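Please read these notes with the model open beside you. Take the points in order, and find each residue as you go.

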Amino acid sequence: MGIIGAPIARVDGRAKVTGRARYAAEAAVPGAVHAVLVQSTIAAGVVLAVETAAAEGMPGVLAILTPQNAPRLADVRPQAQLVPNPTLQDATVAYNGQTIAVVVAETLQQAEAAAAHVRARYRADEAITEMGDDLADAYVPKNFRNGMRKPDSARGDADAAFNAAPVQISATYTTPVEHHNPMEPHATIARWDGDRLTVWTATQYVSGARATLARLLGIDAGNVRVICPFTGGGFGCKGTTWPPAVLAAMAARSVNRPVKLVLDRRQMYTSNGFRPRTLQKLRLGATPDGQIVSLRHDGFTQMSLGDFGEFAEPVGLASEMLYAVPNAAVTHRLVAVNQGLPTYMRAPGEASGSFALESAIDEMAAALNMDPLDLRLRNYAESDPHENRPFSSKALRECYRAGAEAFGWAQRPLAPRCLRDGDVLVGWGMATALYPINRSAAQATLRMGADGRVFVRSGTQEIGGGTYTTMAQVTAEALGVPVGQVTAQLGDSAWPHAPVSGGSQTSASVLNAVVAAADALRARLAALAGLDARQVQLAAGTLVGPDGTRLRIDVLLARHGLDTIEATAESVPGDEKQRFSLHSFGAHFVEVQVDPAIGRIRIARHVGAFDTGRVLNARTARSQAIGGIIYGYGMALLEKTEVDAETGRYVNANLSDYLVPVNADVPDIVTIFVEKPDRNANPLGVKGLGELPTVGVAAAVANAVYHATGRRVRDLPIRVEDVLA
Ligand code: MOS
């Protein structure tokens, strides 16, 4: 194993655990004052007046922005990746918890005290606060996947094939609203220097934040700098530049001081999106020997009645291509309610969609009296039946095989309620994981000094996946230097452009740019030496020529009077999307133990096997896989944002009532990487691992609960009352 792939410890690990890593709210910005949000207490209507007189007279108060007095923004068109509302541009209220004022004061305590004295008068309208099971007003998304995909698709005749099928499964699955709950809240410090704006903000996308702020504030993007060296978890809620970042910049301009705005945990539930509720109707038809002849997936997902843009959770895309089914139909519909705009949350679409699909496959296996893994293999897609293209690579069969073997799946009795440990029911379940391989144009700069030190720089983000580390590894290998000599720098929009750290695309985008920059740097060094770039290699601080002669780089640089040498390159996607269906794959095997007397469900064993292309760092990859699987446990057993139907307010908007898995909920997880670099996908051969591991976990757990208890739970999360004797 070279440097790429080696399980080296995170280069930023020590800074993080010792508290030296600085997050957005911790940036030292002298003279910063504090902003606090005031949020609506009704779910629908109009703010008639925000009464600020009492608060304005309180100590330290500098300004109170309201819909009446807030500066007008330059561009308030709601659209994807640009969410200008609610930025106090009008008085409409579309959900409970919508921001209706911003109080700015010298200290945080003064701002909080004053915010508590701001009162609003409303005209309250009738509100629909929850997406229920009434789908009468469901509508077709207008801008599905930003126009890149169709909300509806069909091949063959799914309905006719279903009606003719000897074995039929028809079931409805529901998943709840969930919130991302990163450890680090959204936080922004905004500082104006004349017409130049500097923003420290918690984001998955520094250049996206720059573009959005410039556009909304009506200034040139070149006058905006966004800095974010560390992001304390994002999971999708920091991919978009949400209103609080904009409001901080507006407030800073109003008071002519740097302004810090940090959301509290409750505000994290109303200010930066969530995973929408879904209701999914699945219909499968099969022959008695297990060929699935018809698949229909009708997905309904929650949207906002507010004029905030559109977000449609793409729950059915996996159903289009995961199995070799000749007749398939998929639809996506939205149901709008008085809540905020939903957004991307870890594997948006695949996470909720695979719960429905992979549960339905398990139900079909039970109906056929067939092993669920055998049923999946019986319908294995050798090429993408939706796109009609070969996969760039697909080692799902190897994931099934390796995972099943490590788990001992072959010993599984077919019927439910057959395994016991004393009074505890034991069940084994499995499900498939998949996620698209995404990649965008990205740039990187490499600078090598005569002292051998190398800096690699890109305007990407570290959201916890290990980007600092993998950037250093790829650079070290490409330049033939020890990884300890490489310093990675990221999280600054002033640096070469990189895409959003979302869609699991960072490695495929940024690290291919690093390789390209290394090629460019090698070419520059070769040119200095008068050699052909294609014939030289870099190793141990030397340029190795075609005849094996070595030229020390420090000597070469000195000869040309240089201290350092630098190269920037861009890596852009090629035609791989036209030629191939691009996906990562995986398989989960889970053992649950259910105590029917008290309804306790414990996950006892888990094997996750993944085809994620080339593994860049065995340690960070395993860490990412474990993290994603644990996220899946939350979805399966714990997470649900509860809405009070009367007020439309979230009743568990905190980390004690909104349950997430803790160590005691997690078994020792076995991870397997079926490593096959995918050169069809990109030069480095990486396939993306950010979101893949969470996909399928909820279904695997639900399938295991069925196997343990004989009860099929189709509504997440699975709870005590679902399995009580
Ligand atoms: Mo991820 S939900 O694409 O940040």
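Two strands count as paired if DSSP finds at least two bridges between them. Keep that in mind for the points on strands. One caution before starting: this is a predicted model.

1. **Domains.** The domain assignment splits the protein chain into three parts. Domain 1 covers 24-126 + 183-233 + 238-269. Domain 2 covers 144-177 + 274-437 + 579-724. Domain 3 covers 440-572. Mark these ranges on the sequence before you go further.

2. **Strand 27 and its neighbours.** Start with strand 19 (residues 424-436) and strand 27 (residues 583-595). They run antiparallel, and twelve bridges join them. Met430 has Phe589 in strand 27 as its bridge partner. Strand 27 also pairs with strand 28 (residues 600-611), again in the antiparallel sense, over eleven bridges. Here Val592 has Ile603 in strand 28 as its bridge partner.

3. **The turn after strand 27.** Strand 27 and strand 28 form a hairpin. Four residues lie between them. Look at Gly599 in the turn: its phi is positive, about 75 degrees.

4. **Is strand 27 largely enclosed or open?** Count the buried residues to decide. Buried means under 20% relative accessible area. Twelve of the 13 residues of strand 27 are buried, so the strand is largely enclosed by the rest of the structure.

5. **Strand 10, side one.** Now move to strand 10 (residues 196-201). Five of its six residues are buried, so strand 10 is also largely enclosed by the rest of the structure. Strand 9 (residues 187-193) runs antiparallel to strand 10, with six bridges between them. Ile189 stands opposite Trp200 in strand 10. The hairpin of strand 9 and strand 10 has two residues between the strands, and Gly194 takes a positive phi near 65 degrees.

6. **Strand 10, side two.** Strand 10 also pairs with strand 11 (residues 224-227). This pairing is parallel and has four bridges. Leu197 has Val224 in strand 11 as its bridge partner. Trace the chain between the two strands: it leaves strand 10, passes through helix 5 (residues 206-217) and reaches strand 11. This β-α-β crossover is right-handed.

7. **A three-stranded sheet.** Next, find the open sheet with the order 4-2-6. Its pairing is antiparallel. Strand 4 (92-93) and strand 6 (119-124) are the edge strands, as each pairs on one side only. Two bridges join strand 2 (residues 45-51) to strand 4. In that pairing, Gly45 stands opposite Val93.

8. **Where domain 2 meets domain 3.** The centres of domain 2 and domain 3, taken over C-alpha atoms, are 39 Å apart. Their contact takes 14 residues from domain 2 and 15 residues from domain 3. About 1000 Å² is buried between them, and carbon and sulfur atoms give 56% of that area. On the domain 2 side, Leu616, Thr620 and Leu684 lose the most area to domain 3. Together they account for 41% of what that side buries. The two domains share one salt bridge.

9. **Salt bridges across the sequence.** The model has 33 salt bridges. Arg225 and Asp492 form one, with the closest N and O atoms 2.5 Å apart. Arg225 lies in strand 11 and Asp492 in the loop between strand 22 (486-489) and helix 12 (506-529), so the pair ties together parts that are 267 residues apart in sequence. Compare the two partners: Arg225 is partly exposed at 35% relative accessible area, whereas Asp492 is buried at 4%.

10. **Two more pairs, and a network.** Arg378 and Asp289 meet in a salt bridge at 3.0 Å, N to O. Arg378 lies in helix 9 (residues 372-378) and Asp289 in the loop between strand 13 (278-286) and strand 14 (292-304), so this pair ties together parts 89 residues apart in sequence. Arg378 is partly exposed, at 37%, and Asp289 is partly exposed too, at 46%. Lys687 and Asp611 form another salt bridge, with the closest N and O atoms 2.9 Å apart. Lys687 and Asp611 are both buried. Finally, Arg149, Glu320, Glu387 and Arg389 are joined into one network by salt bridges that share partners.

Notes:
Residues numbered from 1 in each chain as written. Predicted model: local features only at pLDDT ≥ 70, side-chain atom pairs only at ≥ 80, totals over all residues. Heavy atoms only, no water. Buried < 20%, exposed > 50% of the residue type's maximum accessible area, 1.4 Å probe, protein only. Right-handed = clockwise from strand over helix to strand, strands pointing away. Domains from an automatic or database assignment. Contact = heavy atoms within 4.5 Å. Buried area = accessible area lost by both parts, 1.4 Å probe. Salt bridge = Lys/Arg side-chain N within 4 Å of Asp/Glu carboxyl O.
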